Amino acid sequence: MRLGLVLNILDEEYQIYLYTGIVKKAKELGIEIVCFQQENTHFSPDELISFFPKKEYFDLDGIILLTTVIIDNYEINKKENIEKIWGKDIPVISVGQKVDGVPSLLVEGELSMKELVEHLILKHNYRNFLYISGMKNHPDAISRGNVFIQTISEYQKKIPDLKYTVQRASFSETYAIKAMSDYYESHNNENPDCVVCANDNMAIGVYKFFKMNRDNPAIQECAVTGFDDIPQAKYELPALTTIRQPLKELGEKAVYIMKDLVEGKEVPQELVIPSKVIYRKSCGCDSSEEENISTKDFLNHIQANYVQSESLLRLVTHIGQDMNYAESISGINYVINRNVEQLGLRNFCILRFSNTEKKSAEKKEILVDPLYVRRSGLECYEFYKEIKLPLGQFYKRFMKMDDEEHTSLAFKYLTTGTEIIGCVLYEANKNVLPYLSSIAVNIAQGLTRIKAMEEREKRSEYLEKEVTKRTHELIEANNKRMEVEAEVLKISELERQRFSNDLHDDICQRLAGISMLCRSYSNQDTPVQKSQMVELAELIGDTLQTTRQYAHNSYPVELESLGMNHSLSNLCNSFRAQTGIECLYEWKVDKSVELNNLQKLNIFRIIQEALHNVMKHSRASSVTVSVQSVARKLQVQICDNGCGIVNYKNGASSGLGLNSMEYRANQIGASFIIKQNKPTGTCVQVTVDL
């Protein structure tokens, strides 16, 4: 049989005493215990429900729930509240609070609290009381506080000078010390006659407050009482008067009832165990005979506790320091492995949760990476190769590694802030349990720091690759730019040479012919005829037209005078007239679009060069020139139905004309694409951001 025990963090005596009692009785009965430590953090109901490991992870047969430790986070007073966490198929018993529909083990403390207050009033004649309560909504804090106030109120009718003050703490020594400071500050250092605390931990905190202010004459020690009777209470100086909760009997009863419930036997829905007032010296009484401790035993206990506490604190400090220098998972393992022997840990595991959850038809299962595994005093290296192992599967394999039976493990999440990064599983002596909470915090911080380091390294590697890639791209782009510039220079030289040849072969020849004709006319004996002058005028006119065409090809003046739309329309009409190729022209540009002179000229030249390539290479019967504005972009397309580019590959070709067009597009920051036109032909596309 395997049972789950849910309680608070095992870092204070009440929890530890109850836990060790349950584990001891369970071992006697051959039952395994998995103790889930509930973080002392405020959760919404949904967050709290998801915080508990599901019963399937550990094949639990039942749950023992110490409800008072989580009541401040979530209202658990009905069976359906329990079923929201673990479902309907697993038996649950409540310890400490009545839950309707669930077997509940309760401690009757009201009568003992009333007896204690009456004792302080009547036996010791205390009149000025300070009551230090627990958390505001905690049922134990409420019930104990109500009994205290009601008892004082009843006796105020008979004793007029009887008074009290309530200070709220949180069931811990630290909060009790603060509550005492707040009291003295608000009451002008008025000393109470007696401080009544809602639990022993706060009473011990009051002791520490008085010791801390021993040199302050305004603060005088007074009577102090507690509640719970943790083992430390009778070893305090003075021994603490308190109300004994039967924790041992409570733990034993819980195991027996849970066992009977799992086996299908009838169990009582409510079982109340009485408490008892234990009078010791802290209230002004002498200890009862059964509580008397010899001076030798007392000193031995104090010395043993001091030595062990100092040794464990020093060890925890060293672990924290060493963990802070660990730069890898193996470094954390080294620190843990070096210290587990001193901590007496035979079973200890560090599991890191994977971000991925394995989904099945019925449940989601936590996946873990085993970082450190120690079973029966030996490190288990075979687990370290496992990644994303289901938590339940890991637990089963871990428990079946040897013949050691009825091992009970404590389970604690590793958290940083609100993020759960993993968990630890361990079995430890009760004296070591409080210190493992601090070690777990150090492990969580170490894992978080290492994860951050790994992410920085990955980021650095990524950035380095990106820089290398970008540098390579820039080098390629620079080389390409140099190649394009060389091509442009070559094209410019060829254009100048072609222009020079055209002037020499065409214009100069025409002018030479006109000059020869004029000399011929001047040398003839007869007057020049009208027909001769008409012929001369026609030659001059043709030469003038040709000269204008050359000038137009060098710079289209109408771009400024007529605008881009008319200039492109004239270009397409001229192309159609000269080549006989059908040329369709479309202008769909919003009137608000304005282009600068550089953009106009380069777009015009790109279209002009594209049409020249259509005429020279495409063997096309039609071409479409389209200019339109779409979503803050100007898109220019020249698409033909010809044979396509012979050297076409990935939108690029090695021709001078194509390089010239791409260069012009780069000059105005435009994208330049050459692609196949469907079903046949070529499409040149230029896109300019507006």
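Student: Which residue of strand 8 stands opposite leucine 130?

Tutor: Valine 195 does. This is a predicted model, and the pairing is read from its atoms.

Student: How do you know that strand 6 and strand 8 pair?

Tutor: Two strands pair if there are at least two bridges between them. Four bridges join strand 6 to strand 8, so the test is met. The two strands run parallel.

Student: What is the order of the strands in this open sheet?

Tutor: The order is 7-6-8-9, with parallel pairing. The twist averages 20° from one strand to the next.

Student: What makes strand 7 and strand 9 edge strands?

Tutor: Strand 7 (163–168) and strand 9 each pair on one side only.

Student: Which strands does helix 7 lie across?

Tutor: Helix 7 (residues 173–186) lies across strands 6, 7 and 8, and runs at about 140° to strand 6. Helix 8 (residues 200–212) also packs on the sheet, touching strands 6, 8 and 9. The direction of helix 8 makes about 155° with that of strand 9.

Student: How do you know that the span of helix 5 is close to the expected one?

Tutor: Set the two values side by side. Helix 5 (residues 110–123) has 14 residues and reaches 19 Å from its first C-alpha to its last. At 1.5 Å a residue, 20 Å is expected.

Student: Which residues of helix 5 are buried, and what covers them?

Tutor: The buried ones are Ser112, Met113, Leu116, Val117, His119, Leu120 and Ile121. Their cover includes strand 6, helix 6 (139–156) and strand 8, as well as strands 9, 10 and 12. Just after helix 5, asparagine 125 takes a positive phi of about 60°.

Student: Why is the link between cysteine 639 and cysteine 683 called a disulfide?

Tutor: The cut-off is 2.5 Å between cysteine sulfur atoms. Here the S to S distance is 2.3 Å, within that limit, so the pair counts as a disulfide. The structure holds one disulfide.

Student: Which parts of the chain does the pair link?

Tutor: Cysteine 639 is in strand 23 (residues 633–640) and cysteine 683 is in strand 25 (residues 682–689). They are 44 residues apart. Both cysteines are buried.

Student: Why is cysteine 283 not counted in a disulfide?

Tutor: The nearest cysteine sulfur, that of cysteine 285, is 3.5 Å away. The limit is 2.5 Å, so cysteine 283 is in no disulfide.

Student: Why is cysteine 283 called buried, but cysteine 643 partly exposed?

Tutor: Buried means under 20% relative accessible area, and partly exposed lies between that and 50%. Cysteine 283 has 0%, so it is buried. Cysteine 643 has 40%, so it is partly exposed.

Student: What makes strand 25 largely enclosed?

Tutor: Seven of its eight residues are buried, so the rest of the structure largely encloses strand 25.

Student: How do you know that strand 25 pairs with strand 23 and with strand 24?

Tutor: Count the bridges against the minimum of two. Seven join strand 23 to strand 25, and six join strand 24 (residues 671–676) to strand 25, so both pairs qualify. Strand 25 runs antiparallel to strand 23 and to strand 24. Valine 636 stands opposite valine 686, and glutamine 676 stands opposite threonine 682.

Student: Which peptide bond in the loop between strand 24 and strand 25 is cis?

Tutor: The bond from lysine 678 to proline 679, with omega near 5°. Proline 679 lies in that loop. In the hairpin of these strands, glycine 681 takes a positive phi near 105°. Another cis bond joins leucine 237 and proline 238, with omega about -5°.

Student: What makes the phi of aspartate 229 and of arginine 632 worth a remark?

Tutor: Most residues other than glycine have a negative phi. Aspartate 229 has a positive phi of about 60°, and arginine 632 has a positive phi of about 60° too.

Student: Is each of these two buried or exposed?

Tutor: Aspartate 229 has a relative accessible area of 11%, under 20%, so it is buried. Arginine 632 has 63%, over 50%, so it is exposed.

Student: Which residues have the most contacts inside the largest nonpolar core?

Tutor: They are Phe129, Ile132, Ile336, Phe348, Ile350 and Ile443, in a core of 110 residues. Its largest share, nine residues, comes from helix 13 (residues 433–523).

Notes:
Residues numbered from 1 in each chain as written. Predicted model: local features only at pLDDT ≥ 70, side-chain atom pairs only at ≥ 80, totals over all residues. Heavy atoms only, no water. Expected span 1.5 Å × (residues − 1). Buried < 20%, exposed > 50% of the residue type's maximum accessible area, 1.4 Å probe, protein only. Contact = heavy atoms within 4.5 Å. Axes fitted to C-alpha atoms, helices over the stretch in contact; angles between N-to-C directions. Core = buried A, V, L, I, M, F, W, Y, C linked by side-chain atoms within 4.5 Å.
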